[in-house]
Amino acid sequence: MAVPATSLPPLLKDELDIVIPTIRNLDFLEQWRPYLSPYHLIIVQDGDPSKVIKVHEGYDYELYNRNDINRILGPKASCISFKDSAWTVSGFAFSYG
């Protein structure tokens with residue numbers, strides 16, 4: 001008999017970060033809670049950095065936006081294009097930090 005996926009321990013729990021680029025709300029996280037809540041989330045917010053993105057309680061996460069990129073990289077931030085969504089992949093670099 002097969003074991004239900006929800007009863008298995010999360011794979012690579014301490015070795016895997018999940019990067020989520022977003023410009024919208026994160027309401028979908030509630031539907032994905034059984035799968036995502038064991039992992040560390042790196043959320044990269046596109047668009048207006050003054051807009052507040054709400055993350056539901058119970059998640060281990062870091063939230064980055066354009067201001068964070070500028071602060072972290074300083075003058076080197078110009079190497080990342082903010083004119084398209086390509087900069088959201090910077091979240092993968094944060095997962096190694």
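A residue counts as buried when its relative accessible area is under 20%, as exposed when that area is over 50%, and as partly exposed in between (1.4 Å probe, protein chains only). His 40 is a good place to try this out: with a relative accessible area of 15%, His 40 is buried.

Some ground rules come next. This is a predicted model, so local features need pLDDT of at least 70 and side-chain atom pairs count only at pLDDT 80 or more, while totals for chains, interfaces and linings use all residues. Residues are numbered from 1 along each chain as its sequence is written, and side-chain values use heavy atoms, with hydrogens and water left out.

**The overall layout**

The protein has three helices and three strands. Here, helices (H or I, at least four residues) and strands (E, at least two) are DSSP runs, numbered from the N terminus. Walking along from the N terminus, you meet the elements in the order β-α-β-β-α-α. Of the 97 residues in the protein, 31% are buried. Contact means heavy atoms within 4.5 Å. Among contacts with a separation of 6 or more, 40% are between residues 24 or more positions apart.

**The sheet**

The three strands make an open sheet in the order 1-2-3, with parallel pairing. Strand 1 (17-22) and strand 3 (60-64) are the edge strands, each pairing on one side only. On average, neighbouring strands of this sheet are turned by 20 degrees against each other, direction ignored. Two strands pair if DSSP finds at least two bridges between them. Strands of a sheet pair through backbone hydrogen bonds, either parallel or antiparallel. In this sheet, strand 1 is joined to strand 2 by six bridges, and strand 2 (residues 40-45) pairs with strand 3 over five bridges. You can spot partners across the strands: Asp 17 stands opposite His 40, and Ile 42 stands opposite Glu 62.

Helix 1 (residues 28-36) lies across strand 1 and strand 2, and runs at about 170 degrees to strand 1. Axes are lines fitted to C-alpha atoms, for helices over the stretch in contact, and angles run from 0 to 180 degrees between N-to-C directions.

**Strand 2, covered on both sides**

How many residues of strand 2 are buried? Six of its six residues are. His 40, Ile 42 and Val 44 are buried on one side, and Leu 41, Ile 43 and Gln 45 on the other.

Back to His 40, which is found in strand 2. Its side chain is joined to that of Asp 60 by a polar contact of 3.0 Å. A polar contact is a pair of N or O atoms within 3.5 Å; within protein, one must be able to donate a hydrogen and the other to accept it, and residues adjacent in sequence count only if both atoms are side-chain atoms.

Ile 43 is also in strand 2. The C-alpha atoms of Ile 43 and Thr 22 are 7.2 Å apart, although their positions lie 21 residues apart along the chain as a separation. Leaving aside neighbours within four places in sequence, the contacts of Ile 43 include Ile 20, Leu 26 and Val 55.

Here are four residues with their relative accessible areas:

| Residue | Relative accessible area | Class |
|---|---|---|
| His 40 | 15% | buried |
| Ile 43 | 0% | buried |
| His 56 | 17% | buried |
| Trp 32 | 45% | partly exposed |

His 56 sits in the loop between strand 2 and strand 3. Apart from neighbours within four places in sequence, His 56 is in contact with Leu 26, Asp 27, Glu 30 and Arg 33.

**The core**

A nonpolar core is a set of buried Ala, Val, Leu, Ile, Met, Phe, Trp, Tyr and Cys residues joined through side-chain atoms within 4.5 Å. The largest one has nine residues: Ile 20, Leu 26, Leu 29, Leu 36, Leu 41, Ile 43, Ile 53, Val 55 and Tyr 59. Helix 1 and strand 2 are the elements that give two or more residues to this core.

**An aromatic pair and a helix cap**

There is one aromatic pair in the structure. The ring centres of Trp 32 and Tyr 35 are 5.9 Å apart and the planes are at 65 degrees, so the pair is edge-to-face. Rings of Phe, Tyr and Trp (its six-membered ring) pair if their centres lie within 6.5 Å; planes under 30 degrees apart count as stacked, over 60 as edge-to-face and the rest as tilted.

Finally, Asn 65 caps the N-terminal end of helix 2 (residues 66-73), with a side-chain oxygen 2.8 Å from the backbone nitrogen of Asn 67. Gly 74 follows helix 2 and has a positive phi, near 55 degrees.
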